[in-house]
Amino acid sequence: MEQIIKYHSIDQFNKKYGIETLHPLINIVDISTVPYVSISDAFSFDFYTVFLKDVNMGNLKYGRNYYDYQDGTLVFTAPGQIMEEEPSEIESERMNPKGWGLMFHADLLRGTQLGRNIKNYTFFSYEVNEALHLSDHERKMILECFKNIDYELRRGMDNHTKDLIISNLELFLNYCKRFYERQFITRSHVNSDILSRFEKVLDDYFKSDLPHKQGLPSVKHCANKLNLSVNYLSDMLRRDTGKSALEHIQLQLIEVAKEKMFKKDKTISQIAYELGFEYPQYFSRLFKKRVGMSPNEFRAMS
């Protein structure tokens, strides 16, 4: 990666690729109409972006993850994130990329319900190797939303334009939430492996001296070890197990603590420090919340 190309506005992006700016805060782009430009660098946008990658578009870096469908792939980025592409090795695909882009600025959502809820669409913080892979039917539904937004942008502004654009944008995002839930189900065999690896990461952490050096294991530490984003890991675990990544960490911590308490050679405070707690009373509070009794009560009962 030689440099990061930063786009501060949608109009700046449009001018770069010769696209007409119909609205300064939202844009629909037919990738096939954009002149080919080398994409060996990385991109950063000060606005939300969604790219619908068709099969013969240049490859985004998806790692070695399992692919559910090949009819289309959706990649999401939040403002300030970096996305890196590498061109397709096939000449026809490299010179004739196909796909769609949706870009919208946070200012478009100011004062709207969608603006207040945009943080709930956690897939904007997923990594590109956690992209949404669409069936043909799902792809058609997504393109219908794009088509409706594009129609509103081209028909001319009136008192209803913004509301209709926001409505179609929210509909699109809600479809994506549904399709991601479907993907968690269709990738259940992959997710079960992630859960096993997640538990091993925690097991290795507590067996090492990392609790003494770094404190309690964080969701970010575990996600990095699994090459996943924090949001994807938490969303996947919550969908498959009903518990968040933080809850899984706490439950594993409690199990380790119980094992340590069977040995009477260390005080509760010493065990708390060994687990990574800075203050023993925080450990006691968490233990009682999860187990229903204090560490001392549990030790006496055991």
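Helices here are DSSP runs of H or I with at least four residues, strands are runs of E with at least two, and both are numbered from the N terminus. Please keep in mind that every view below shows a predicted model.

**Figure 1. An overview of the protein chain and its 13 helices and nine strands.** Let us start with the whole picture before zooming in. The protein chain has 302 residues, and 46% of them count as buried. About 16,000 Å² of the protein chain is exposed, with 48% of that area supplied by carbon and sulfur atoms. How much of the contact network joins residues at least 24 apart? Among contacts between residues at least 6 apart in sequence, the share is 75%.

**Figure 2. The second largest pocket, with a volume of about 240 Å³.** Its lining is made up of Asn120, Tyr121, Thr122, Phe123, Tyr126, Lys177, Tyr180, Glu181, Phe184, Asp235, Arg238 and Arg239. Two elements, α5 (161-186) and α9 (230-241), each give two or more residues to this lining. Which of the elements gives the most to the lining of the second largest pocket? That is α5, with four residues. If you are thinking about chemistry, the lining of this pocket splits by class into five nonpolar, two polar and five charged residues.

**Figure 3. The second largest cavity, at about 40 Å³.** Searching the whole structure for cavities of 30 Å³ or more turns up two. The second largest cavity is lined by Val75, Phe76, Phe123, Tyr126, Glu127, Val128, Glu130, Ala131 and Tyr180. What classes do these lining residues fall into? Seven are nonpolar, two are charged and none is polar. Phe123, Tyr126 and Tyr180 may look familiar: they belong to the lining of the second largest pocket and also to that of the second largest cavity.

**Figure 4. Leucine 132 in strand β9 (residues 132-133).** Is leucine 132 buried or exposed? It counts as buried, because its relative accessibility is 0%. With residues up to four places away in sequence left out, leucine 132 touches Gly72, Thr73, Leu74, Phe76, Cys176, Phe179, Tyr180, Arg182 and Gln183. One of these partners, tyrosine 180, is 48 residues from leucine 132 along the chain, yet the two C-alpha atoms are separated by 6.4 Å. Two of the residues touched by leucine 132, Phe76 and Tyr180, also line the second largest cavity.

**Figure 5. Leucine 52 in strand β4 (residues 48-53).** Leucine 52 has a relative accessible area of 0%, so it is buried. Follow the chain for 46 residues and you get from leucine 52 to lysine 98, while in space their C-alpha atoms are 8.8 Å apart.

**Figure 6. Alanine 257 in helix α10 (residues 245-261).** Alanine 257 counts as buried, because its relative accessibility is 0%. Its contacts, not counting residues up to four places away in sequence, are Leu275, Phe283 and Phe287. Between alanine 257 and leucine 275, the C-alpha to C-alpha distance is 7.6 Å, with a sequence separation of 18 residues.

**Figure 7. Serine 294 in the loop between α12 (280-291) and α13 (295-301).** Why does serine 294 count as buried? Its relative accessibility is 19%, and buried means under 20%. Neighbours within four places in sequence aside, serine 294 is in contact with Phe287 and Lys288. Phe287 links this view to the previous one, as Phe287 also touches alanine 257.

**Figure 8. Asparagine 227 in the loop between α8 (219-225) and α9.** This residue is not a glycine, although its phi is positive, at about 60°. Asparagine 227 is exposed, because its relative accessible area is 57%.

**Figure 9. Cysteine 145 and the closest cysteine sulfur, in cysteine 176.** How far is the sulfur of cysteine 145 from that of cysteine 176? The distance is 8.1 Å, which is too far for a bond; a disulfide needs the sulfur atoms within 2.5 Å. By this rule, the count of disulfides is zero. Cysteine 145 counts as buried, because its relative accessibility is 2%. Cysteine 222 is buried as well, with a relative accessible area of 0%. Cysteine 176 also appears in Figure 4, among the residues that leucine 132 touches.

Definitions and conventions:
Residues numbered from 1 in each chain as written. Predicted model: local features only at pLDDT ≥ 70, side-chain atom pairs only at ≥ 80, totals over all residues. Heavy atoms only, no water. Buried < 20%, exposed > 50% of the residue type's maximum accessible area, 1.4 Å probe, protein only. Contact = heavy atoms within 4.5 Å. 1 Å grid on protein atoms, 1.4 Å probe; cavity = no way out; pocket = protein on both sides within 12 Å on 5 of 7 lines; lining within 4 Å. Points joined across faces, edges and corners; volume = space filled by probe spheres on them. Nonpolar A, V, L, I, M, F, W, Y, C, P; charged D, E, K, R; others polar. Areas by Shrake-Rupley, 256 points an atom, 1.4 Å probe, with all protein chains shown as cover.
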